[in-house]
Amino acid sequence: MAYYPEPVARLIEALQRLPGVGPKTAQRMTFFLLKRPVEEVRELAESLVAVKERIVYCGTCFNVTDQDPCRLCADPARDARVLCVVEEPNDLLAMERTGEFRGRYHVLLGALSPLDGIGPDDLKVRELLLRLEQGETAEVILATNPNVEGEATALYLAKLLRPLGLRVTRIARGLPVGGDLEYADQVTLSKALEGRREIG
Amino acid sequence: MGLGRSAAVVIGSFPIGESDLVVSFYSREHGKIRGVAKAARRARSRFGGALELFTLGELVFFDTGRSDLLRIDHFDIVRPFGGLREDLEALGQAAWIVECVTRLTADHDRHVALYALLVRSLRALETADRPVHVAVCFGVRCLEVLGHRPRLDVCGGCGRAYPFARPALGAGGVLCERCAREAGDATPISPGGVAALERLRATSWEEALASPLGRLEGELAALLEAHMSGLIGQPTRTGRFVREVRRLSPAPGGRP
């Protein structure tokens with residue numbers, strides 16, 4: 001990149017490290033930023049630094065937060081008897097968007113993945129057990145993704161938590177709302193059949 | 001270049017972009033291939049659950065000729081091997097099998113015998129009481145199919161005829177005590193282990209699966225893990241997973 005001025009080359013190089021960004025996209029982003037007002041670019045730069053300086057993992061649930069414990073863990077209105085286990089902070093946000101769940105969360109910061117060599121020791125499993133030992137929780141909802149890694153994680157946790165005498169549940173799997181039976185694959189359909197409920 | 005189709009097994013995937021997925025397959029007609037499945041991560045994706053690890057299906061792809069990555073058009077499930085997701089030991093062993101296939105083969109290197117062995121092994125794992133036994137049977141045959149068959153009749157170092165005392169298994173086959181010491185990285189093997197390796201590769205797949213290994217099962221699993229790791233150039237990732245998961249419910253005679 002000798003034909004670019006040094007600051008431009010540096011920014012292209014830096015942007016390329018972001019997930020899903022290749023050299024062309026990094027180049028387009030850089031030239032887009034060059035055309036924007038300096039205040040707007042400064043705001044972006046400050047936001048990036050603030051995220052790294054002010055955001056930490058909550059010491060209780062491992063969600064990303066700017067205060068420890070996070071707002072969700074500190075909220076006395078939330079039901080401490082129900083604990084929802086998710087893989088990533090993004091999954092927690094998705095659950096919160098439903099407005100249906102009023103319990104507490106535990107973020108594992110990943111999922112078991114044999115092909116990537118990710119085992120239980122790489123996740124916040126020990127921390128989950130320590131939380132459960134406090135005795136406040138009556139039900140654990142396993143809300144890991146419905147893929148091989150998520151299923152393996154749920155299976156592992158279910159085995160681990162069974163001796164603790166808690167109610168361990170798994171979120172339902174099957175057809176998406178607005179979906180079409182004709183286009184559903186056999187795995188999704190069989191899961192939907194397995195999880196059918198009485199109506200009326 | 002153009003439209004292609006083949007029976008294939010999903011052997012891995014990773015997310016790319018907003019909602020796309022790069023999926024690796026081991027296919028009957030084209031060996032190991034990779035392609036992009038557009039919008040596969042969306043909840044209402046046309047691929048549904050078809051691109052999950054271990055799924056056997058009919059793949060239809062488009063090769064633009066401009067990239068190593070194909071464009072995945074369709075993947076219709078033939079057999080999802082859902083049973084593998086309901087048992088952590090079976091899942092770990094299936095992942096070990098898939099890792100061996102992934103890391104010991106090159107892209108676009110067609111190998112029908114290896115493809116058949118992979119499908120047979122996943123099918124056997126689904127109902128196996130002892131998943132590690134299936135992995136051992138796979139390991140022995142995989143070495144054979146890929147041309148890494150260890151010599152078991154003579155010492156790979158000095159050519160001395162087997163049997164001899166305190167044999168070890170090195171890169172090329174069985175080694176005598178002196179040659180094993182010189183090689184440095186050979187793994188000790190019991191005479192029973194050598195006989196079991198010979199038996200497993202000489203019998204049919206069904207006979208090998210039905211043949212009880214007893215205490216030798218653990219020894220052979222560890223030997224094959226060491227052997228595969230040697231061929232790959234580093235320890236397998238799945239080996240660590242299996243060890244950690246097994247702490248929860250240890251299976252006697254498993255891979256250490």
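Trainee: Is A:Y57 buried, partly exposed or exposed?
Mentor: In this predicted model, A:Y57 lies in strand β1 (residues 56-57) of chain A and belongs to a nonpolar surface patch that also includes A:V51, A:I55 and A:V64. Its relative accessible area is 47%, and because the buried class ends at 20% while the exposed class begins over 50%, A:Y57 counts as partly exposed.

Trainee: What area is buried between chain B and chain A?
Mentor: The contact draws 31 residues from chain B and 28 residues from chain A. B:R85, B:F241 and B:L248 supply 22% of the area that chain B buries against chain A, more than any other three residues. Carbon and sulfur atoms give 64% of the total, and the area buried between the two chains is about 2400 Å².

Trainee: Which residues form the salt bridge between chain B and chain A?
Mentor: The count between these two chains is 1 salt bridge, and its closest N and O atoms are 3.0 Å apart. Salt bridges that share partners also bring B:E244 into one network with this pair. The two residues that bridge the chains are A:D122 and B:R240.

Trainee: How many residues apart in sequence are A:E151 and A:R170, whose side chains meet in a salt bridge?
Mentor: The N to O distance of this salt bridge is 3.6 Å, with A:E151 buried at 13% relative accessibility and A:R170 partly exposed at 24%. A:E151 lies in helix α7 (residues 148-161) of chain A and A:R170 in strand β6 (residues 167-170) of chain A, so the pair ties together parts whose separation in sequence is 19 residues.

Trainee: Which residue forms a salt bridge with B:R246?
Mentor: B:R246, in helix α8 of chain B, has a partner in helix α1 of chain B, 157 residues apart from it. B:R246 counts as buried at 9% relative accessibility, and its partner is buried as well, with a relative accessible area of 15%. The closest N and O atoms are 2.5 Å apart, and the partner is B:E89.

Trainee: What is the reach of helix α7 of chain B from its first C-alpha to its last?
Mentor: This helix covers residues 216-232, which makes 17 residues, and B:G233, with a positive phi near 100 degrees, follows the helix. Its buried residues include B:L220, B:L224 and B:M228, and among the elements that cover the buried residues are α1 (88-104) and α5 (191-202) of chain B. The reach is close to the span expected at 1.5 Å a residue, and its value is 24 Å.

Notes
Residues numbered from 1 in each chain as written. Chains lettered and ligands numbered in written order. Predicted model: local features only at pLDDT ≥ 70, side-chain atom pairs only at ≥ 80, totals over all residues. Heavy atoms only, no water. Helix = DSSP H or I, 4+ residues; strand = E, 2+ residues; numbered from the N terminus. Expected span 1.5 Å × (residues − 1). Buried < 20%, exposed > 50% of the residue type's maximum accessible area, 1.4 Å probe, protein only. Contact = heavy atoms within 4.5 Å. Patch = residues over 30% accessible without salt bridge, like charges linked within 9 Å, V, L, I, M, F, W, Y side chains within 5 Å. Areas by Shrake-Rupley, 256 points an atom, 1.4 Å probe, with all protein chains shown as cover. Salt bridge = Lys/Arg side-chain N within 4 Å of Asp/Glu carboxyl O. Buried area = accessible area lost by both parts, 1.4 Å probe.
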